[in-house]
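Reader: I am new to this structure and should like to understand the terms used to describe it. Please show me how each description is reached.

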Amino acid sequence: MERAMRAGIKTDKRGYVIERDPMWDLVDDPKVIVEIGSHRGYTAYRALVNTDADVYCVDPWEDYKAPDCPGGYEDMDLTFQQWNETMQPYLDKRVWALRGTSLVISREFDLPIDLLYIDGDHSVNGCLLDLRKWTPKVRPGGVVVGDNYELSNVQKAVARFRRNVNVGWWLYKKWKFPACKQFMFRIPR
Ligand SMILES: C[S@@+](CC[C@H](N)C(=O)[O-])C[C@H]1O[C@@H](n2cnc3c(N)ncnc32)[C@H](O)[C@@H]1O
């Protein structure tokens, strides 16, 4: 947050980034947004302030070592507490924590998704699993965005996924914030 404020990125009174990036304009009036891997909820919070959608955040909030974070994430109970603080005053009104892995939650989640944001397990198999399990839940015309396309694991997962799936269009872009590359594609109508 401090980094964002120093960079002149728009934040709200509590210091959370609310800068509107092009992701929120990919789908007209989204009703259901799902984020795989929510951590402290910074992206989900931007979804809440930039759209009128309901936002579902899938994350086990359990300690684990990630390829993009080799030291492992810090105390995840504390992180979940911070997620809950971030989400005030939207909690359980427009945003829900679905606490569990992407695989487990994918077995239960059955709402048609307008915008799917993948930012969970960044291993090749983890990212591929997210793409395979969750993309079929995105409605025609809906969009899938994935973070950290700068990582070779994510590039490999996307390349493997594309071998067997015919989707509308693909691109990746480096936006002002977050400073990561993101892949995205639209489900054909
Ligand atoms: C890079 S952080 C997410 C950051 C968040 N999207 C944001 O914009 O602030 C990755 C998160 O993915 C979660 N994660 C790891 N494996 C997962 C899995 N199999 N299913 C769902 N979430 C997972 C981790 O617990 C961690 O909180």
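Author: Two residues are in contact if their C-beta atoms, placed from the backbone, lie within 7 Å. In this predicted model, among contacts in the protein chain between residues at least 6 apart in sequence, 63% join residues at least 24 apart.

Reader: What makes up the protein chain in terms of helices and strands, and in which order do the elements run?

Author: The protein chain has six helices and seven strands. From the N terminus on, their order is α-β-α-β-α-β-α-β-α-β-α-β-β. Of the 189 residues in the chain, 36% count as buried.

Reader: Why is aspartate 77 called exposed?

Author: A residue counts as exposed if 12 or fewer other C-beta atoms lie within 10 Å of its own. Aspartate 77 has 10 such neighbours and is therefore exposed. This residue is found in helix 3. Its C-alpha atom is separated by 7.4 Å from that of glutamate 62, a residue 15 places away along the chain.

Reader: What makes strand 1 a mostly covered strand?

Author: Five of the five residues of strand 1 are buried. In a regular strand the side chains alternate between the two faces of the sheet. On one side of strand 1 lie Val32, Val34 and Ile36, on the other Ile33 and Glu35, and all of these are buried. Both faces of strand 1 are thus covered. Strand 2 is also mostly covered, with five of its six residues buried.

Reader: How do you know that strand 1 pairs with strand 2, and in which sense do they run?

Author: Two strands pair if DSSP finds at least two bridges between them. Strand 1 and strand 2 share five bridges, in the parallel sense, and therefore qualify as a pair. Valine 32 stands opposite aspartate 54 in strand 2. The chain passes from strand 1 through helix 2 to strand 2 in a right-handed β-α-β crossover. Isoleucine 36 has valine 58 of strand 2 as its bridge partner.

Reader: Which other strands pair with strand 1 and strand 2?

Author: Strand 1 is joined to strand 4 by four bridges, and the two run parallel. There, isoleucine 33 stands opposite leucine 115. Strand 2 is joined to strand 3 by five bridges, again with the strands parallel. Valine 58 is opposite leucine 98 in strand 3.

Reader: Which residues of helix 2 are buried, and what covers them?

Author: The buried residues of helix 2 are Thr43, Ala44, Tyr45, Arg46, Ala47 and Leu48. Their cover includes strand 1, strand 2, helix 3, strand 3 and strand 4.

Reader: Which residues touch the most other members of the largest nonpolar core?

Author: This core has 41 residues, of which Ile33, Val34, Val55, Leu116 and Val144 touch the most other members. Strand 4 gives the most to the core, with five residues. Apart from its neighbours within four places in sequence, valine 34 is in contact with Tyr56, Val58, Ile113, Leu116 and Trp134.

Reader: Which residues come nearest to the ligand, and which elements supply at least two residues of the shell?

Author: There are 20 residues around the ligand, and Gly37, His39, Thr43, Ser102 and Gly120 come nearest. Strand 1, helix 2 and strand 2 each supply at least two residues of the shell. By class, the shell has seven nonpolar, eight polar and five charged residues.

Reader: Why is aspartate 29 called exposed, and what is its phi?

Author: The cut-off for an exposed residue is 12 or fewer C-beta neighbours. Aspartate 29 has 8 C-beta neighbours inside 10 Å and therefore counts as exposed. Its phi is near 45 degrees, a positive value in a residue other than glycine. Most residues other than glycine have a negative phi, and most peptide bonds are trans. Aspartate 29 lies in the loop between helix 1 and strand 1.

Reader: What are the phi of aspartate 92 and the form of the peptide bond from glutamine 88 to proline 89?

Author: Phi of aspartate 92 is near 60 degrees, also a positive value in a residue other than glycine. Aspartate 92 is exposed because 8 other C-beta atoms lie within 10 Å. The peptide bond from glutamine 88 to proline 89 is cis, with omega near 5 degrees. Proline 89 lies in the loop between helix 3 and strand 3, and aspartate 92 is found in the loop between helix 3 and strand 3 as well.

Definitions and conventions:
Residues numbered from 1 in each chain as written. Predicted model: local features only at pLDDT ≥ 70, side-chain atom pairs only at ≥ 80, totals over all residues. Near = placed C-beta within 6 Å. Nonpolar A, V, L, I, M, F, W, Y, C, P; charged D, E, K, R; others polar. Buried ≥ 20, exposed ≤ 12 C-beta atoms within 10 Å, placed from the backbone. Core = buried A, V, L, I, M, F, W, Y, C linked by C-beta atoms within 7 Å. Right-handed = clockwise from strand over helix to strand, strands pointing away.
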